[in-house]
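Trainee: I should like to take a close look at a single residue in this protein chain. Would you please describe its setting with care, and then place it within the wider chain?

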Amino acid sequence: MTSTSAFPDDSRPDLPGEGDATDPGSPTGAAGTSWHPVGDPAAGRTGQDGASTESTDSADGITDDGGADAVRRTSLGRGSVIMTLGTVASRASGLIRAMLLVACVGAMGTVANAFDIANKLPNMLFALISAGVLQAVLIPQILRAMNARNARERLDKLLTLSGLGLLLLTAVLVVAAPLIIWLSTLSGAWDADSRHLAVVFAYWCIPQVFFYGLYMLLGQVLNAQGRFGAYGIAPVANNVVSLIGFGAFIAVWGTAPSLGISDLSTWSTAQTAVLAGTATLGIAAQALVLVFALRRTGFRWRFRFGLRGIGLRAAGTVVGWTIGAVVLEQVGVLFLTNILGAAGQSSTDPDVVFAGNAAYTNAMTIYLLPHSLVVVSIVTVLFPRMTAAVQAGDLPGVRRDMSLGMRSAGVFSVFSAAALIVLAVPLTASLLPTLDAEGVGAVAPIIQAMSIGIIALGATVLVRRMYFAFEDGRSIFGIQVIATVSMVVVLWGATRLLPPQWWAVAAGGAYALSTWISLLLRVRGMRRKLQGMDGRRVLQLYVRALVGALIAALLGWLTVRLLDGYDVSSWGHSVLVTAVAGIVMVVGYVLALKVLHVRELDDALAPVLRRLKR
């Protein structure tokens with residue numbers, strides 16, 4: 001699944017998402033034992049899957065000493081390693097899934113764009129639920145429920161209410177599919193047949209909303225218990241189902257032409273059912289994995305009805321503001337979707353297809369790889385711990401974890417930006433092997449335009465989550481207004497100044513700009529709440545990392561030029577160039593950070609190196 005948000009957030013439920021990083025300090029204990037950053041309260045022992053090894057009640061899977069206490073003892077190093085291992089498996093299989101999907105319908109053309117819009121709708125719609133209700137409310141309420149005297153009853157009521165709400169909302173959205181597609185294809189470039197195909201795809205895809213919601217609900221219960229492994233590995237089930245379904249599609253109907261499929265007379269109902277049905281069945285499998293994972297913890301979800309005593313009344317204000325922010329965000333997404341749709345359908349030459357929705361989504365998939373592999377793991381592990389610290393009134397603990405998260409994310413995100421800019425062309429050719437040179441030339445510049453924003457992406461996601469922990473939805477809304485307006489204005493200006501073939505690249509640049517604007521505004525507000533954010537130390541890390549990334553970028557660019565990496569006529573050659581140049585960049589970056597005495601790198605690599613020595 002690919003993020004569809006036009007703005008910096010990780011509302012995708014598999015961000016987990018869709019890393020391993022630590023605070024400065026040396027690992028403690030012998031090889032194989034748990035460790036924690038210096039000054040980190042997370043010194044408690046962890047179990048095999050990263051959960052606290054304190055005893056649990058076999059009846060309901062709740063720790064005897066309270067869920068929040070267990071979460072605060074969860075080690076970032078151990079938890080994020082577990083998340084990363086699961087996410088690596090998920091992203092590796094997801095890349096193969098993306099390759100097969102492009103082989104089925106291409107990265108451009110009417111069918112690819114119609115399916116992309118329909119398959120993004122569940123993500124867009126779920127964002128309203130996830131960021132608007134689940135993320136803003138669920139973790140704080142679950143942590144409170146775990147410490148309550150009637151913990152089992154409160155959790156059952158929370159999950160029952162949320163599950164029924166998801167089911168009802170999904171049914172309403174399926175009925176409203178034609179209206180939603182119409183709002184996403186307002187551009188006159190969409191004719192009646194193309195729009196009808198998108199509507200049919202939507203009928204198949206929108207039920208994913210319920211399964212995304214179920215995945216998020218059950219995943220948050222696991223995360224609140226300090227168990228991160230299943231949440232990270234569950235998307236593999238989605239990808240396995242997709243590999244089978246898309247593989248069957250290719251076996252029966254073959255691969256799409258290099259410029260995609262725009263002649264709808266060659267497209268059949270059976271192809272629609274297999275393609276979209278596979279996508280939805282995969283999300284259902286992803287949610288089912290967490291059902292079994294929760295049962296293994298001893299947790300038994302029983303249907304209980306009732307609103308009294310579950311703490312939602314106090315959360316009403318933050319939900320209202322947060323829903324407003326996400327509605328505003330999705331208005332921006334609709335604007336972006338329409339601009340991309342107009343670009344993709346605007347060519348009057350049948351032999352020339354411009355980058356549109358599908359090309360942008362493929363670029364976003366590649367762009368988010370480093371973020372989802374590393375940064376989301378850090379955020380996923382830290383957020384429950386920081387929420388528990390907020391509820392305990394431990395502002396020094398929150399500041400320490402905030403600094404830890406931002407610096408840990410910075411080590412990886414700064415390098416990721418350099419790597420994506422330098423390696424965009426051979427990397428795109430490697431990960432999307434069915435694209436020809438024209439297709440690669442359409443997707444790679446979008447990645448490069450987005451890449452500047454990845455430096456800020458991880459930090460802004462972490463800070464946004466902290467607004468949820470403080471139950472401050474009003475600030476989220478105000479910041480989102482500015483982010484939305486900036487993205488829309490920049491993209492609108494680009495459509496007036498640039499030809500349609502550059503609109504998708506402009507969309508990537510607008511996304512990067514909105515990411516930075518969101519970060520600066522959110523950090524400013526969070527500094528007031530926390531009475532400081534260790535800003536000097538964080539800034540020093542980013543400056544040193546930027547110097548190292550520039551050195552690595554120069555070495556990588558020279559390697560790509562020497563190996564003629566911009567020739568994408570051979571898939572094997574593109575893979576070789578990507579691998580060699582990538583290794584050169586990693587080595588150059590690591591050596592530069594060593595010279596610059598960036599301790600965060602040593603601490604980030606410590607748990608991985610220790611495991612390799614076993």
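Mentor: Let us take Ser416, which lies in helix α14, a helix that covers residues 395–431. The model is a predicted one, and each value below is computed from it. Ser416 has a relative accessibility of 7%; because buried means under 20% relative accessible area, Ser416 counts as buried. Its side chain makes a polar contact with the backbone oxygen of Phe412, at 2.7 Å. Once its neighbours within four places in sequence are left aside, Ser416 is in contact with Pro370 and Ile454.

A second polar residue may be set beside this one. Asp116 is part of helix α3, residues 110–146. With a relative accessible area of 9%, Asp116 is buried. Residues up to four places away in sequence not being counted, Asp116 touches Asn357, Ala358 and Thr361.

Another aspartate is involved at the start of a helix. There, at the start of α6, the backbone nitrogen of Asp193 has a side-chain oxygen of Asp191 within 3.3 Å. Helix α6 itself takes in residues 192–205, 14 residues in total. From its first C-alpha to its last, α6 reaches 20 Å, which is close to the 20 Å expected at 1.5 Å a residue. The buried residues of α6 are Ser194, Leu197, Ala198, Val199, Phe201, Ala202 and Cys205.

The surface offers a contrasting case. Ile551 belongs to helix α19, which is made up of residues 535–562. Its relative accessibility is 40%, and since partly exposed covers the range between under 20% and over 50%, Ile551 counts as partly exposed. Ile551 joins Leu539, Val543, Val547 and Leu555 in a nonpolar patch on the surface, and together these residues have about 410 Å² of accessible area.

Finally, the chain as a whole gives the context for these sites. The protein chain has 21 helices and zero strands. Of its 614 residues, 61% are buried, and Ser416 and Asp116 are among them. The protein chain exposes about 22300 Å², and 66% of that area is supplied by carbon and sulfur atoms.

Note on methods
Residues are numbered from 1 along each chain as its sequence is written. This is a predicted model: local features need pLDDT of at least 70, side-chain atom pairs count only at pLDDT 80 or more; totals for chains, interfaces and linings use all residues. Side-chain values use heavy atoms; hydrogens and water are left out. Helices (H or I, at least four residues) and strands (E, at least two) are DSSP runs, numbered from the N terminus. Buried means under 20% relative accessible area, exposed over 50%, partly exposed in between (1.4 Å probe, protein chains only). Accessible areas come from the Shrake-Rupley method with a 1.4 Å probe; for residues, only the protein chains shown count as cover. The expected span of a helix is 1.5 Å times one less than its number of residues. A polar contact is a pair of N or O atoms within 3.5 Å; within protein, one must be able to donate a hydrogen and the other to accept it, and residues adjacent in sequence count only if both atoms are side-chain atoms. Contact means heavy atoms within 4.5 Å. Patches are made of residues with over 30% relative accessible area and no salt bridge: like charges are joined within 9 Å, nonpolar side chains (Val, Leu, Ile, Met, Phe, Trp, Tyr) within 5 Å. A salt bridge is a side-chain nitrogen of Lys or Arg within 4 Å of a carboxyl oxygen of Asp or Glu.
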